[in-house]
Amino acid sequence: MRSAANGRSATSDTNQRLFYIPEINKKFANSWAGSALLKESTLHQVSPYIGKMKSSMASTLISAFTQIEDTIYDPFCGSGSIALEAWTAGRAVIANDLSPYAGTLTRAKLFPVTSIVDAYAEIDSAANQVQKIVAAIDLRKIPTWVRKFFHQETLRETVAWSEVLKNRKSYFLLSCLLGILHHQRPGFLSYPSSHTVPYLREKNYPRHLYPHLYEYRSVRSRLEKKVGRALKRVPVLDPQVTRSCYMRNAADFIPDARVDAIITSPPYMRQLDYGRDNRLRLWFLGESNWKSLDSNISPHEVKFLTVFKRCLKLWHKVLTPSGVCVLVLGDVHSRYYGRPLPDVITHMATEEVGGYSLIWKHTEEIPKTRRVRRDCSGSQSETFLVLRRC
Ligand SMILES: C[S@@+](CC[C@H](N)C(=O)[O-])C[C@H]1O[C@@H](n2cnc3c(N)ncnc32)[C@H](O)[C@@H]1O
């Protein structure tokens with residue numbers, strides 16, 4: 001992997017990380033093909049996340065551009081797909097995301113309870129605390145839009161469980177709870193609703209025709225089953241590997257360790273609404289103002305470009321001398337620059353900020369089934385840019 005660059009033979013500069021580009025191109029041919037669902041670790045499926053990277057794609061990027069014992073930083077980690085694949089591949093991980101939902105999921109993946117026996121013991125202990133506080137939960141303090149999703153006794157219990165798990169910093173169980181918060185299937189807690197984004201489906205499932213979908217649902221039994229599903233397929237994970245997860249603005253945050261690679265998919269130009277679409281889960285995490293969160297985590301074009309320029313400057317300080325920055329970007333068009341976003345970012349890194357050179361660029365069409373907005377308003381292809389610090 002590191003023996004040649006750009007299809008030519010290796011140079012004598014041993015400080016440079018060298019990549020054999022034809023081999024990388026081969027690895028990426030059809031990398032969107034097929035589903036990873038039945039092969040990937042079930043930890044990836046603990047709870048949905050819009051804009052989540054396909055785990056096999058994360059794993060391919062990691063194996064192509066880093067080596068064992070490297071440190072990888074993902075400044076916009078979302079649900080932690082890159083973080084978990086990096087740990088699985090024996091890389092030290094630094095993850096970061098401003099969203100409390102993203103932070104919770106990534107911590108669940110980086111610090112999971114790995115045995116079902118330990119998970120049930122943790123549930124038992126938390127259940128004792130839930131018992132003590134559940135009766136005192138005052139439903140009148142809960143906003144109407146949240147109350148609309150649940151039977152009142154289910155809601156009371158769900159609030160108690162989320163409070164207890166947050167206080168215990170039990171991120172794995174908390175993520176499992178968030179993963180069963182809304183859907184119409186029997187294993188979920190809400191009234192009939194969509195799974196990824198919270199919309200009630202009262203018209204498709206009217207109460208008079210589907211009364212059982214509006215009955216009380218016990219949290220504990222569903223949480224136990226969810227934990228079983230999340231732990232069904234967990235790879236061998238080395239607890240000695242260093243992992244950390246922060247919840248900071250990526251434009252202000254520098255990790256305190258040098259990193260060999262930054263691998264990330266940033267929140268380009270308001271293509272997705274990470275606050276709005278996760279609003280119900282965020283409310284249970286104590287974040288009631290998703291609109292204000294969205295102004296930061298789902299930035300419009302000019303804000304995004306400002307944030308990204310600051311990030312490139314900071315990352316230059318933290319990357320090792322020949323470290324790489326691997327970016328996954330949508331095919332959106334920048335109105336400000338009048339050019340496609342990947343070209344804008346390349347120009348920003350190599351000319352405006354400087355100190356980077358482009359070593360690889362690859363564009364893949366996203367199959368229709370994986371597009372986040374199927375009306376085609378979202379990205380139809382993704383571009384991978386690899387910039388080397390120089
Ligand atoms: C495309 S998503 C990342 C998805 C991730 N790769 C995954 O597989 O789940 C972009 C993420 O950037 C986060 N974000 C947006 N602006 C941020 C900022 N200024 N600092 C830190 N995180 C930010 C959002 O919360 C969102 O989770």
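Which residues in H5 meet which residues in H7? Hold that thought, everyone, while I set the scene.

This is a predicted model, where local features need pLDDT of at least 70, side-chain atom pairs count only at pLDDT 80 or more, and totals for chains, interfaces and linings use all residues. Residues are numbered from 1 along each chain as its sequence is written.

Back to the helices (DSSP runs of H or I with at least four residues, numbered from the N terminus). Ala126, Gln129, Val130 and Ile133 of H5 meet Ala160, Trp161, Glu163, Val164 and Leu165 of H7, where a contact means C-beta atoms, placed from the backbone, within 7 Å. Sorted by class, that contact has 7 nonpolar, 1 polar and 1 charged residues. Here Ala, Val, Leu, Ile, Met, Phe, Trp, Tyr, Cys and Pro count as nonpolar, Asp, Glu, Lys and Arg as charged, and the others, Gly among them, as polar.

Now the geometry. Helix H5 covers residues 116-133, and its axis comes within 9 Å of that of H7, crossing at roughly 125°. Axes are lines fitted to C-alpha atoms, for helices over the stretch in contact, with angles from 0 to 180 degrees between N-to-C directions. That crossing angle makes H5 oblique to H7; under 35 degrees counts as roughly parallel, over 145 as roughly antiparallel, 65 to 115 as roughly perpendicular, and the rest as oblique. The crossing of H5 and H7 is right-handed, meaning that the near helix is turned clockwise from the far one by less than a right angle, while anticlockwise would be left-handed.

H7 (residues 152-167) also packs with H8 (residues 171-179), at about 155° and with axes 8 Å apart. That makes H7 roughly antiparallel to H8, and this crossing is left-handed. On the H7 side we have Trp161, Ser162, Leu165 and Lys166, which meet Leu173, Leu174 and Leu177 in H8. By class, this contact has 5 nonpolar, 1 polar and 1 charged residues.

Zooming out, the domain assignment gives domain 1 as 4-100 + 242-389 and domain 2 as 116-230, with bounds from an automatic or database assignment. Their C-alpha centres lie 32 Å apart. Domain 1 puts 13 residues into the contact and domain 2 puts in 15.

Last stop, the ligand. Of the 24 residues around it, Met53, Phe76, Gly78, Ser79 and Ser81 come nearest, where near means a C-beta atom, placed from the backbone, within 6 Å. Helices H3 (81-88) and H11 (290-297) are the elements giving two or more residues to this shell. The shell has 13 nonpolar, 9 polar and 2 charged residues.

Methods:
Two residues are in contact if their C-beta atoms, placed from the backbone, lie within 7 Å.
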